[in-house]
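Thanks for sharing this one with me. I have put my remarks into a few numbered points, so please have a look at the structure and then read on.

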Amino acid sequence: MMECKAMVLERFNQPLVMRTFPVPRLKEGEVLVKVEAAGVCGSDVHMWEGRDSRVRLPMILGHEGVGEIAELNGEKRDVYGNPLQIGDKVLWNRGVTCGHCYFCKVKMEPSLCPNRWVYGIHTSCAEPPYLTGNYSEYLLLNQNVDLFKIEPEVNLQVLVPASCSGATAAHAFDLSRMESGDSVLVQGVGPLGIFAIAFAKSFGASQIIAIGGTEERLTMCKSFGATLTLNRNSLSFEERKETMREITHGRGVDVAFEMAGEPDALKECISSARTGGSCITAGFGEPHGTIELDCFHDIGRKNLRLQGVWVSEVRHTHMALKLIMSRLRDFTKLITHRFPLDKANEAIQAMKAKEAVKAVLIPHG
Ligand SMILES: [Zn+2]
Ligand SMILES: [Zn+2]
């Protein structure tokens with residue numbers, strides 16, 4: 001029987017521990033992948049801290065990954081119809097949905113499926129099939145997994161963020177009704193915000209304003225398409241608002257994207273959107289505060305459209321994958337830190353300290 005090493009979260013706020021698991025026998029339709037790169041997400045830090053109620057310990061963290069098919073049970077095709085075989089490189093959709101419920105079948109919004117679960121978030125490794133998180137040498141993919149076959153010459157590491165922040169940003173744009181020529185504000189300069197800037201550019205935004213807290217990140221935003229960057233540590237709320245009004249003929253932006261997960265950022269997005277504009281909020285992955293709104297001025301009189309975004313669907317992973325493939329050189333810069341599997345704790349700390357834009361683990365480095 002084959003064995004596999006993985007980094008396990010056994011106790012919150014304590015270092016992950018390397019453990020060895022047996023590789024289980026595959027059931028019909030399951031796929032075993034050799035993980036080539038696992039993304040370390042900001043929400044992994046929250047899970048490690050015990051702030052995510054979906055987590056059941058012990059667990060193998062990691063919901064972002066790319067890899068190579070090591071074993072298959074039965075015939076399998078990817079979402080484009082390509083037949084899959086051992087050795088193929090693949091990206092997979094991180095969420096598995098039931099396909100039968102009101103949200104999956106009637107409303108066609110599988111991201112809201114109450115039975116949806118995600119590798120490395122909802123899955124404990126206490127019982128078989130154990131290998132359900134990406135901080136591992138191997139990952140067992142469920143029979144309902146949605147796969148994307150990747151051409152062998154593509155460097156897989158660069159695709160890692162497509163499965164989480166890229167797909168969530170795609171969902172935000174899918175719901176935004178943004179039009180070509182619109183002015184756009186993006187609040188937050190982590191991977192989610194950077195994907196939003198890249199999507200805004202590809203959707204034909206005339207102006208893309210990025211608000212963040214460090215010059216280094218704001219410079220990176222420019223390379224992804226931001227036309228104006230505003231540092232919230234050197235400009236006041238009023239100064240930022242005034243600047244945005246000036247460049248939008250006194251109206252405010254057409255669409256404001258909250259990608260920071262901070263209540264103040266959402267408030268600023270609502271305040272920056274023009275009359276009849278939209279505010280899309282995708283930054284909140286867990287409870288993180290409240291804001292006060294003036295019901296008349298901020299929403300009603302303004303005819304504001306306020307849209308929440310929760311996770312993503314297969315179509316959004318496809319959108320993020322295609323976006324990255326169209327700008328491979330830019331997106332390579334997003335991966336700022338690489339660690340071997342046994343240094344996963346350092347990777348989490350680099351994300352927690354916001355030193356890394358995106359850290360990845362390379363289990364077979
Ligand atoms: Zn994530
Ligand atoms: Zn469902």
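1. A definition to start with: two strands count as paired if DSSP finds at least two bridges between them. With that in hand, take strand β1 (residues 3-9), which pairs with β4 in the antiparallel sense over 2 bridges. Within this pairing, Leu9 sits opposite Met59 of β4. Please keep in mind throughout that we are looking at a predicted model.

2. The same strands belong to an open sheet of 3 strands, ordered β2-β1-β4 and paired antiparallel. β2 (17-22) and β4 are the edge strands, each having a single partner, so one side of each has no neighbour in the sheet. As a reminder, strands of a sheet pair through backbone hydrogen bonds, either parallel or antiparallel.

3. Now to the metal. Which residues supply the protein donors of the zinc ion (ligand 1)? They are Cys41 through SG, His63 through NE2 and Cys164 through SG, at 2.1 to 2.2 Å from the ion. Their spacing in sequence reads C-x21-H-x100-C. His63 and Cys164 link distant parts of the chain, being 101 residues apart: His63 lies in the loop between β4 (59-60) and β5 (64-72), and Cys164 in the loop between β10 (147-150) and α3 (165-176). If you set up this site for a calculation, note that water is not among the atoms, so sites may look incomplete.

4. Are these donor residues buried or exposed? His63 and Cys164 are both buried. Cys41 has a relative accessibility of 10% and therefore counts as buried, the limit being under 20%.

5. A word on the cysteines: the structure holds 0 disulfides. Why does Cys125 form no such bond? Its closest cysteine sulfur, that of Cys4, is 11 Å away, which is too far for a bond. Cys125 is buried too, with a relative accessible area of 5%.

6. Finally, the overall picture. The protein has 11 helices and 18 strands. Its radius of gyration is 21 Å, close to the 21 Å from the globule rule for 365 residues, so the protein is as compact as a globular protein of that length. The C-alpha trace spans about 70 × 40 × 40 Å along its principal axes. Of the 365 residues, 54% count as buried, and the protein exposes about 16000 Å², with carbon and sulfur atoms supplying 49% of that area. Among contacts with a separation of 6 or more, 70% join residues 24 or more positions apart.

Note on methods. Residues numbered from 1 in each chain as written. Chains lettered and ligands numbered in written order. Predicted model: local features only at pLDDT ≥ 70, side-chain atom pairs only at ≥ 80, totals over all residues. Heavy atoms only, no water. Donors = N, O, S within 2.8 Å, 3.2 Å for Na, K, Ca; no water. Helix = DSSP H or I, 4+ residues; strand = E, 2+ residues; numbered from the N terminus. Buried < 20%, exposed > 50% of the residue type's maximum accessible area, 1.4 Å probe, protein only. Rg over C-alpha atoms; globule rule 2.2 N^0.38 Å. Contact = heavy atoms within 4.5 Å. Areas by Shrake-Rupley, 256 points an atom, 1.4 Å probe, with all protein chains shown as cover. Disulfide = S-S within 2.5 Å.
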